[in-house]
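These are my notes from a session of looking up helices and charged side chains. I record each item in the order in which I consulted it.

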Amino acid sequence: MAEMGSKGVTAGKIASNVQKKLTRAQEKVLQKLGKADETKDEQFEQCVQNFNKQLTEGTRLQKDLRTYLASVKAMHEASKKLNECLQEVYEPDWPGRDEASKIAENNDLLWMDYHQKLVDQALLTMDTYLGQFPDIKSRIAKRGRKLVDYDSARHHYESLQTAKKKDEAKIAKAEEELIKAQKVFEEMNVDLQEELPSLWNSRVGFYVNTFQSIAGLEENFHKEMSKLNQNLNDVLISLEKQHGSNTFTVKAQPSDNVPAKGNKSPSPPPDGSPAATPEIRVNHEPEPAGAATPGATLPKSPSQLRKGPPVPPPPKHTPSKEVKQEQILSLFDDTFVPEISVTTPSQPAEASEAAGAQEPGETTASEAASSSLPAVVVETFSATVNGTVESGSGAGRLDLPPGFMFKVQAQHDYTATDTDELQLKAGDVVLVIPFQNPEEQDEGWLMGVKESDWNQHKELEKCRGVFPENFTERVQ
């Protein structure tokens, strides 16, 4: 019997809840259709809007704070690994080994303390602050339901009063239900009317407290970390003093006025003569020691040249890797300096046609090279100079290197700064040849072999090198 009674109570409660939901749904439909008025409280609605905004801002702040803590944790791990690496490379006989180890240990403890204090004084406070929102949010929703119940009871009571046939018993019961619904609603409404503005105003103090805690913890952390870094610096200075002869020198980065090893920039002397600016070279080997002549101060690169005769002006247009054009050489102007396109490939046969028939026994090195070798298109004429037809290629002459194009003469000294460069003295004659790989040619630089070296060794691999074009003048 007890079980049946219990089941009956449970079933009755379920039925009552179902009936309430149906009544609320019906009331909301009538209100939306405008067939029933709805109780409005604009002040409370404004409080609800503030509550939702405050919840959104707090949730975002909590998310960003967790991201910040994750970043602190990651920095802790990175700093720990870096200090472990220092301890591994720090040899036992070096001074300050124990101090460096102690500094690393304190560094680790400082990171851990910083992270834990952020959790205690910021994250936990943040969680407590947001912990009150779910309960209030559910109470706001419940208040809304009770308001619908109140409106429904009010409309039901009014309909019974306006009915043609009045049933006093039903009216009394409806009035009783109305008073009950109104009481429940007003109790919840009054509580929320007090709590929501108070919660909204509390946000200022919470933000101040949270960010003051974060700022203070971070300030103290960096102060302590600065002391550890200073101590580590002192230890390393002591190590440097003991092993000062093996100090590693860090070279400064090149500026626009000082060419770097990989950025050769032949520029004109200070007399103002224009010159072609070569592109960056990336295939150079380290600079050989002792390149400069003892007792003499020589310019290490064309851009540092301070003495010497003026450099002849370059062609009117300097080709770049973006401009594709064929350069035409005049056969009758011995002082004309040809330009070489490093991007316009042509077949070796073009140079052969321009130069005329090849002589017997010629070693056609240009034909064996890749078809991407730069070629100079020579405008030939039916005229002869000194009884022989001159051309832009000397590949057909056995006493010249394969692929020979023309001769130039150094107008002033040039000190090589890399092993693949030619050391030039004023008056040196250079036999110009094409680059094996056109992609390695920089604007303003030529490949060649000094005539004296070629006549002595006849080996390109040992003698050839690059040199700045604006330090020379074409002679043949």
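Entry 1. I began with a search of the whole structure, which is a predicted model, and the search returned 12 salt bridges. I then looked at several of them in turn.

Entry 2. I turned to helix H2, which covers residues 42-89. Arginine 60 makes a salt bridge with aspartate 64, and I noted 3.7 Å between the closest N and O atoms. The two residues are 4 apart in H2, so about one helical turn separates them. Arginine 60 counts as exposed because its relative accessibility is 61%, over the 50% cut-off. Aspartate 64, with a relative accessible area of 40%, is partly exposed.

Entry 3. I next examined helix H3, residues 97-131. At 1.5 Å a residue, its 35 residues should span 51 Å; I found the end C-alpha atoms 50 Å apart, which agrees. H3 nevertheless has a bend of about 35 degrees at valine 119. Within H3, aspartate 113 and lysine 117 are 4 residues apart, about one turn of the helix. Their side chains form a salt bridge with an N to O distance of 3.3 Å. Aspartate 113 is partly exposed at 35% relative accessibility, and lysine 117 is partly exposed at 35%.

Entry 4. I went on to helix H5, residues 168-242. For its 75 residues the expected span is 111 Å, and the end C-alpha atoms are 109 Å apart, in agreement. I located a kink of about 30 degrees centred on arginine 203. At the N-terminal end of H5, aspartate 167 acts as a cap, with a side-chain oxygen 3.2 Å from the backbone nitrogen of alanine 169. Further along H5, glutamate 219 and lysine 223 are 4 residues apart, about one helical turn, and they form a salt bridge with closest N and O atoms 3.6 Å apart. Glutamate 219 is partly exposed at 46%, as is lysine 223 at 47%.

Entry 5. I also recorded a network of salt bridges that links Asp135, Arg139 and Glu195.

Entry 6. Which side chain of opposite charge is nearest to arginine 143? I found that it is aspartate 41, 4.1 Å away. Because a salt bridge requires a distance within 4 Å, this pair does not qualify. Arginine 143, which lies in helix H4 (residues 133-161), is thus buried without a salt bridge. Its side chain does have a polar contact of 2.6 Å with that of asparagine 189. Beyond its neighbours within four places in sequence, the contacts of arginine 143 include Phe44, Phe185, Met188 and Leu192.

Terms used. Residues numbered from 1 in each chain as written. Predicted model: local features only at pLDDT ≥ 70, side-chain atom pairs only at ≥ 80, totals over all residues. Heavy atoms only, no water. Expected span 1.5 Å × (residues − 1). Bend = angle between axes of the 7 residues up to and from the residue. Polar contact = N/O pair within 3.5 Å; in protein donor to acceptor, adjacent residues only side chain to side chain. Buried < 20%, exposed > 50% of the residue type's maximum accessible area, 1.4 Å probe, protein only. Lys, Arg positive; Asp, Glu negative; His and termini not counted. Contact = heavy atoms within 4.5 Å.
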